[in-house]
Amino acid sequence: VTATQTPPAPTAGPRLARRPTGVPTRLRDAGGVLGIGVVLVGVWWLVAATGALSADLLPMPSAVADEVVRLIANGVFWASVGETARSAALGLLIGAVIGLVAGLAIGTSRLLADATSVVVDFGRSFPIIGLLPVMTLFLGATARMEITVIAIGAVWPVLVQTVDGCRAVAPAVGEMTRVFRIGWRQRWLFVVLPGTAPYAATAIRVAASLSLLLAVGVEVLGGVPGVGQQIAQAQQNGATALAFGYVLYAGVIGMTLSAILARIERRLLRWHTASRVAA
Amino acid sequence: MSRLRRVALTLALPVVLLVAWWFGSADSTSVYLPPLSQIWSALWTDLAHGPLLGDLGLSLENLAIGYAVAVVVGVTIGAGLGLSPQLSRLLHPYVEYARSLPQVAFVPLIVGALGIGPAPKVLSIALGCVFPILLNATDGVRSVPAGYLAMARSHRTPLWTRLRLVVLPAALPQIFSGMRVALGVGVVVMVVSEIYGSTHGLGYYILSSEQTFASAQTWAGTILLGVVGYLLSQLLRLSERRVLRWHYASRAAT
């Protein structure tokens with residue numbers, strides 16, 4: 001072994017030593033993942049090809065792949081992605097701000113927590129999409145209605161987790177701020193808010209996937225323009241492969257959204273992750 | 001604060017809100033926002049003599065079956081993935097992708113494929129509920145302290161007993177938190193599948209009354225939906241307290 005050789009990746013080291021084949025774990029994993037994908041598509045292809053389900057119900061993988069590729073050059077597709085993303089993001093933003101403010105208020109006041117407990121429990125367990133017909137009565141099938149529904153839905157997870165975050169501040173820390181007569185401004189800036197932030201960040205990620213769910217739901221049911229409407233329309237026109245293509249992209253939007261938020265969270269909460277690793 | 005005062009405080013806000021709604025809407029002539037008294041009587045009439053109770057029963061039946069399937073499948077596969085790091089590494093990209101799919105997006109596909117009977121609803125609900133449970137079961141099983149497993153193995157506990165008495169109880173708190181999330185998703189998918197394509201069910205009741213501008217009925221159905229969602233989540237919470245009594249007891253002791 002000479003110094004010029006590249007050292008093995010630290011995590012893969014011991015494992016490599018035990019496996020004489022020497023194929024790096026990551027490469028083998030990639031092969032396995034690919035293999036499973038091939039099997040999944042194969043099963044799909046078999047079911048579709050044998051005609052157990054007609055092409056209207058389960059299109060051939062090749063037909064869906066065609067649509068997936070074709071959609072990239074389709075203006076309607078990009079417009080609908082934009083509409084869905086915009087509504088989900090705006091609704092999430094409004095809901096998260098309300099949830100944070102209300103959560104901080106409720107989390108730091110025992111009185112407020114008792115007074116609002118039933119309302120909060122009711123709100124968090126309310127299937128918000130059920131508000132769609134009522135909201136359509138008020139606001140019509142518009143993007144504004146969609147954003148309102150999403151915002152109402154996004155409030156609850158953020159609110160509940162923020163309350164939990166406020167309460168999770170260690171009692172000793174709370175007592176210490178009181179013993180040292182630390183002013184409320186410093187207490188909020190350096191104790192309450194940093195203590196709550198990790199909880200709120202997790203909650204915002206949960207709320208983000210809920211926002212996308214609500215956006216697509218409102219579009220599927222309420223005929224508001226967006227990816228959901230395209231799915232419903234394609235399905236009703238018998239263009240099942242196209243509908244499948246849109247659904248596949250809906251998953252991509254979801255993954256992109258959570259990846260972006262996870263990155264923001266890691267960046268903003270670097271101090272928190274670092275302190276947890278050290279502990 | 002005395003217990004009584006606390007209960008009074010807890011109930012004060014809901015009561016105030018309801019009273020405000022009742023009197024605030026009493027003179028309402030808006031087609032969209034009828035007086036609460038009208039909503040209340042619509043709710044009462046349709047529950048006692050109308051279709052609402054039957055609709056509610058059908059909805060809950062679909063939800064119960066779909067949810068039960070999701071719990072069984074989710075816990076089984078989730079525990080399997082938790083026990084086998086190899087398998088879970090290989091399936092990870094697919095699980096991540098599947099969980100990112102907005103669960104309501106495939107309702108049109110399923111309803112389109114299977115028609116408007118109960119089967120597509122049950123399937124949609126099961127698909128929507130399975131991923132939160134699966135992911136939490138995996139996490140729960142993976143976080144079983146290694147010492148427990150080593151101890152069970154050194155006692156030569158048979159695999160099945162080990163799963164039942166060591167792995168499952170240790171993973172149960174996490175599984176329950178997945179079930180809580182899944183219940184919320186399940187109720188949403190239930191409503192969506194009924195609004196999208198159905199001739200029965202609570203979602204259908206709400207939609208059809210909206211389309212005929214019977215807004216008192218729309219509000220009544222919506223309120224009933226909220227009450228059902230609330231009661232179901234409270235029920236799950238109660239059963240969780242019961243099943244996990246040992247867990248809370250041990251946590252409180254430390």
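Visitor: How much area does chain A expose, and what share do carbon and sulfur atoms supply?
Guide: This is a predicted model, in which local features need pLDDT of at least 70, side-chain atom pairs count only at pLDDT 80 or more, and totals for chains, interfaces and linings use all residues. Residues are numbered from 1 along each chain as its sequence is written, chains are lettered from A in the order in which they are written, and side-chain values use heavy atoms, leaving out hydrogens and water. By the Shrake-Rupley method with a 1.4 Å probe, chain A exposes about 15200 Å², and the carbon and sulfur share is 68%.

Visitor: How many helices does chain A have?
Guide: Helices are DSSP runs of H or I with at least four residues, and strands are runs of E with at least two, numbered from the N terminus. Chain A has zero strands, and its helices number twelve.

Visitor: What area do chain A and chain B bury between them?
Guide: Buried area is the accessible area (1.4 Å probe) that two parts lose on being put together, summed over both. Carbon and sulfur atoms account for 75% of it here, and the total is about 4600 Å².

Visitor: Which residue of chain B forms a salt bridge with Asp114(A)?
Guide: A salt bridge needs a side-chain nitrogen of Lys or Arg within 4 Å of a carboxyl oxygen of Asp or Glu. The rule finds two across this interface of chain A and chain B. In the one with Asp114(A), the closest N and O atoms are 3.1 Å apart, and the partner is Arg6(B).
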